[in-house]
Every structure is written in structure tokens, then in C-alpha cells.
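Got your viewer open and a cursor ready? Let's take a walk through this one, a few selections at a time.

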Amino acid sequence: MRKIRVLVVDDAVVVRRMLTDVLAADPELEVVGAAANGRIALQKIPQVNPDIVTLDVEMPELNGLETVSEIRKTWPKLPVIMFSTLTERGGAATLDALSRGASDYVAKPANVGSVAVAQQRIRDEVVPKIKALAARAAGIPAATLVSAARSVPALPRTGQALGGDGARRVDLLAIGASTGGPNALMEVLAQLPANFPVPIVITQHMPPMFTRLLAERLTAHCKIPFHEATQGAIITPGAGWIAPGDWHMLLVRDGPRVRVKLTQDPPENSCRPAVDPMFRSAASIYGSALLGVVLTGMGQDGLRGTERIREVHGRMVVQDEASSVVWGMPGFIASAGLADAVLPLNQIAGEIIRLTAANRRFVGTTPAASGR
């Protein structure tokens, strides 16, 4: 089997060497070149023909943002992973890079105590993304997915909206996403009206600080406000809350209100925040009035939470494979037969609007939590 060809771009010699050593040690990967800035990288791409590029954000001559824009002009489908610093500036630049066409990002390991720990972080976080994105770019179908260990309904065909029970009330929208999620969230949420009638809770796999920047960016481009969730926040219709990096976001009942509960319980599916605990807590409060959505992302986070949503007769919409950056999270749910609808990204907002408007006299209705 041909190895995945990687071009490493970073102005720091130490970082280039560390990345190169870790990637080259994997039998499925081959580092075919390294570059100290974006200008050199653009010259090397046609020479070494990489399957994927890892790209630093802050570099001399041509920085990561400028390089992504140039790559997309000539190589629109070449996967690019941003390797950014875990800082305010690095987070903002990373979100800019994603909006310009970068495929995904990884925060550089910093202050982790030792070189060995930093190398392990690269093995755990960078290598799986390289393999998943390179396979997607090569047109390799999603890997055979494990079905849920119980009897499940038949898989709905792609593009099939929810059927006759669409008039059932929805009182909460809960969304999970990972790789490719920031852009997918922007596309879906920007289409929701200012008088959207239910609260929105979101878990996007992101480190601290990045989630606050994502909330600010969504607020700037959408008709409704989004917040990085805080401990005890009351969720209300017409607004959204994003789980903060390194914290699970749960929902708890407080009399007639529903509040956010943040925990640092152990990671689930190697993630914190994770989608599964959010889904489980939402299902325990909203029952059949819960609408879950899972967008593009690696791994299977959200699968077990979706099982709980279906047990209480809530509904689930997932993004289809063709429009996903990586069809992992939505693919596991779809293959298990747990999705009510499998839709292209550009159809998901319309389905959300249709379902949340159902059984209401007008879209501006502000329902209390169902308690079911």
C-alpha cells in the first residue's frame, strides 16, 4: 500500500524536526519534504506531490493564512492541517484559516513537560487526522462502521427529510461536530432566523479559548447570539451555547428553567468536551422534544448519546458523506440506523427550521422546556 505523502511547513527548526520524526516513524506515512515558510511550500508542492500539508500559522515571507489561500487557488482539494499555537492570536488565525479552506487544525503542544509528551501528543492528535483527511481526499469510502449492539431501524436514504411525525414539537436543538465543524456550523446556523424559537446547545471538539472565539465569530455572522457556555447559565430560546474547551457541557433542570452544568469528568471518546454527555443530559430533560444534529467529524463521539436520544423518542439528523470533511461521527450514527435523516449540509438548516416551526402558531413562540 502506498504511503501517505506529507509536506511539513513550519518556520521553527525544532518543530519541523519533531513533526518529521514522529510522522516518519509511522509505517503508513512518508515525509516527502519540509519548508520554512509558505513561499517555499508553494514551490515544493508540485515537486514532491504531497497527499497532505501540515502548515504553521505564523511564518515569515508568506504566513499560514496567505499560504492556505494560495494553495486553494491551484490545489483546491489538497488537505491542509493548520498547526497553531494555543493563544488568542493563534486561535483567531486558525479560524480564519479554516474559513479560507484549511481542512482542520491541531494546537501545538506547549508547556507539556517533556519532548516525549509533545511527541505523543502529535501521535495522538496529528497522525489520525492526517490519515482520515488523506483517505477522504483520495476518495476512499468511509471505513466499515460498527453498528450499535442492538436491533435498529433501516438506514434512511441520503437526502430524505423526516416524515409524517414532523409536526411533533421540538423544544431544544443539540448539535455535535468535530473535524470540519466550524465551517459546517457557520453554514447551518447563519441560515436560522432571528426569532428562532428554541435554545441551541453545541459541542464542537476544540481546545480552550478557541471555543470562545468560535462563539464570537458565529454571533458576528448569524442572526442569533452565541455564547461560550458558563457554569449555571440559563438557556433560553433564540440563542446558542457552545461547550467550552476542556469542559463537558451538561444540561440540568432548575424548576421551570434549564441550566448549563460544566464538568471536568474524564474525557469520553478521547474528547473533552464530548458530544455524548451533552446528548444524554439533554435527552433526560427534553425527551421526544429534542432534535439532535451531528455534523462532520472524526471518530464516533455522539453515537452513544444518540442511542439515548432515540430511546426517549427524540429525533436525529446527520450530515451525509459527500458533504462531510470526514464522515466519522455522522457515519457511525447513520450506519447504526439511528439517523432519522441523512442530509447534505446545505439542506440541514432548512430541515431544522421546518421541524422547530412545526406545531407552533408562529416561529417566534418561546416554549418552556418540555420536561419529558
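Start by selecting residues 290–294, strand S12, together with residues 315–319, strand S13: the two pair in the parallel sense over 4 bridges. What you have on screen is a predicted model, by the way. To see one of the contacts between these strands, pick valine 293 and look across to valine 317 in S13, its bridge partner.

Now add residues 303–311, which is helix H9. Together, S12, H9 and S13 make a right-handed β-α-β unit.

Keep S13 selected and bring in residues 341–343, strand S14. S13 and S14 run parallel too, joined by 3 bridges. Here the pair to click on is valine 318 and its bridge partner in S14, valine 342. Add helix H10, residues 329–335, and you get another right-handed β-α-β unit, made of S13, H10 and S14.

While you're here, are the residues of S13 buried or exposed? Turn on a surface around the strand: 5 of its 5 residues are buried. Both faces are covered, with Arg315, Val317 and Gln319 on one side and Met316 and Val318 on the other.

Next stop, a pocket. Select Arg72, Gly101, Ser103, Ser324 and Val325, which lie nearest the centre of the second largest pocket. The full lining comes to 21 residues, and the space in there is about 450 Å³. Two elements give two or more residues to that lining: helix H5 (115–137) and helix H6 (181–189). Of everything around the pocket, H5 gives the most, with 3 residues. Colour the lining by class and you'll find 10 nonpolar, 8 polar and 3 charged residues.

Time for some charges. Side chains of opposite charge can pair when their charged atoms come close. How many salt bridges turn up in a search of the whole structure? The search finds 23, and we'll visit a few of them.

Select arginine 212 and glutamate 88. Their closest N and O atoms are 2.4 Å apart, in a salt bridge. This one links distant parts of the chain: arginine 212 sits in helix H7 (residues 210–221) and glutamate 88 in helix H4 (residues 88–99), 124 residues apart. Arginine 212 is partly exposed, with a relative accessible area of 27%, and glutamate 88 is partly exposed as well, at 41%.

Go back to H5 and pick out lysine 129, then add aspartate 104. The two form a salt bridge, with their closest N and O atoms 3.2 Å apart. Aspartate 104 belongs to strand S5 (residues 104–107) and lysine 129 to helix H5, so this pair ties together parts that are 25 residues apart in sequence. Aspartate 104 and lysine 129 are both buried.

For another pair, select glutamate 268 and arginine 280, whose side chains meet in a salt bridge at 2.8 Å, N to O. Glutamate 268 is in the loop between strand S11 (257–263) and helix H8 (275–286), while arginine 280 is in helix H8 itself, 12 residues apart. Why does glutamate 268 count as partly exposed? Because its relative accessibility is 23%, and partly exposed covers what falls between under 20% for buried and over 50% for exposed. Arginine 280, at 34%, is also partly exposed.

Last selection: Asp10, Asp56 and Lys108. Salt bridges that share partners join these residues into one network.

Key. Residues are numbered from 1 along each chain as its sequence is written. This is a predicted model: local features need pLDDT of at least 70, side-chain atom pairs count only at pLDDT 80 or more; totals for chains, interfaces and linings use all residues. Side-chain values use heavy atoms; hydrogens and water are left out. On a 1 Å grid over the protein atoms alone, a cavity is a set of points where a 1.4 Å probe fits but cannot get out, and a pocket is an open set with protein on both sides within 12 Å along at least five of seven lines; lining residues have an atom within 4 Å of a point. Grid points are joined across faces, edges and corners, and a volume is the space filled by probe spheres set on the points. Ala, Val, Leu, Ile, Met, Phe, Trp, Tyr, Cys and Pro count as nonpolar, Asp, Glu, Lys and Arg as charged, and the others, Gly among them, as polar. Buried means under 20% relative accessible area, exposed over 50%, partly exposed in between (1.4 Å probe, protein chains only). Two strands pair if DSSP finds at least two bridges between them. A crossover is right-handed if, with the strands pointing away from the viewer, the path from the first strand over the helix to the second runs clockwise. A salt bridge is a side-chain nitrogen of Lys or Arg within 4 Å of a carboxyl oxygen of Asp or Glu.
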